[in-house]
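I opened this notebook to keep track of what I looked up, one topic at a time. The entries go from the whole chain to single residues.

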Amino acid sequence: MTEPTEPNDLLPLSPPVYHVLLALALITLVALITYAGRDGYVDPEDSEISLLDAFYYSTVSITTTGYGDIRPVTDDAHLPTVAAAMRELRRTIRRLFDDG
């Protein structure tokens, strides 16, 4: 019979590197979703939302900085922000009530 493995034993990378790569992947995913739906966002400086704007928006949203300069104006554009917020809320609740 094989010994049970710890979750960290299954990762080929160290936890800090894994977490950074996971964060970059999440930001990239939200940025691509934002860019694909860029017609649903407004930028007060100019009307065009560039790929760089999408990365900026996703970073500001996911880190909850929330400057409000680029913001969603349609229901479809609100989805990436709501999904990221729900994920972080779930993570926070798990940490608050984790017995470990």
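The entries below follow the order in which I looked things up.

**Overall layout.** I noted at the start that this is a predicted model. I counted 3 helices and 2 strands in the protein, and when I read along the sequence I found them in the pattern α-β-α-β-α. I then looked up the contacts with a separation of 6 or more, and found that residues 24 or more positions apart account for 52% of them.

**Surface and interior.** Of the 100 residues in the protein, 19% are buried. The exposed area comes to about 7800 Å², and I noted that carbon and sulfur atoms supply 61% of it.

**A patch on the outside.** Which residues form a nonpolar patch on the surface? I listed Leu13, Val17, Tyr18, Val20, Leu21, Leu22 and Leu24, which together have about 570 Å² of accessible area. I picked out Tyr18 from this list and placed it in helix H1, which covers residues 15-36. Its relative accessible area is 33%, so I recorded Tyr18 as partly exposed.

**The largest core.** I wrote down as background that, in soluble globular proteins, nonpolar side chains tend to be buried together. In this model the largest nonpolar core has 5 residues in all, namely Tyr41, Ile49, Tyr57, Ile70 and Ala77. I followed Ile49 further and, leaving aside its neighbours within four places in sequence, found it in contact with Tyr35, Arg38, Tyr41, Val42, Asp43, Ala54 and Ile70.

**The aromatic pair.** How many aromatic pairs are there? I found a count of 1. The pair is formed by Tyr41 and Tyr57, which are arranged edge-to-face, with 5.0 Å centre to centre and 65° between the planes. I noted that the pair links distant parts of the chain, since Tyr41 is in strand S1 (residues 41-42) and Tyr57 is in helix H2 (residues 51-62), 16 residues apart. Tyr41 has a relative accessible area of 5%, so it counts as buried, and I entered Tyr57 as buried too, with a relative accessible area of 5%.

**A charged residue inside.** Is Asp43, in the loop between S1 and H2, buried or exposed? I recorded Asp43 as buried because its relative accessible area is 11%, which is under the 20% cut-off. Leaving aside its neighbours within four places in sequence, I found Asp43 in contact with Glu48, Ile49, Asp53, Asp69 and Ile70. Two of these, Ile49 and Ile70, also appear in my entry on the largest nonpolar core.

Technical notes
Residues numbered from 1 in each chain as written. Predicted model: local features only at pLDDT ≥ 70, side-chain atom pairs only at ≥ 80, totals over all residues. Heavy atoms only, no water. Helix = DSSP H or I, 4+ residues; strand = E, 2+ residues; numbered from the N terminus. Buried < 20%, exposed > 50% of the residue type's maximum accessible area, 1.4 Å probe, protein only. Contact = heavy atoms within 4.5 Å. Areas by Shrake-Rupley, 256 points an atom, 1.4 Å probe, with all protein chains shown as cover. Patch = residues over 30% accessible without salt bridge, like charges linked within 9 Å, V, L, I, M, F, W, Y side chains within 5 Å. Salt bridge = Lys/Arg side-chain N within 4 Å of Asp/Glu carboxyl O. Core = buried A, V, L, I, M, F, W, Y, C linked by side-chain atoms within 4.5 Å. Phe/Tyr/Trp six-rings, centres within 6.5 Å; stacked < 30°, edge-to-face > 60°.
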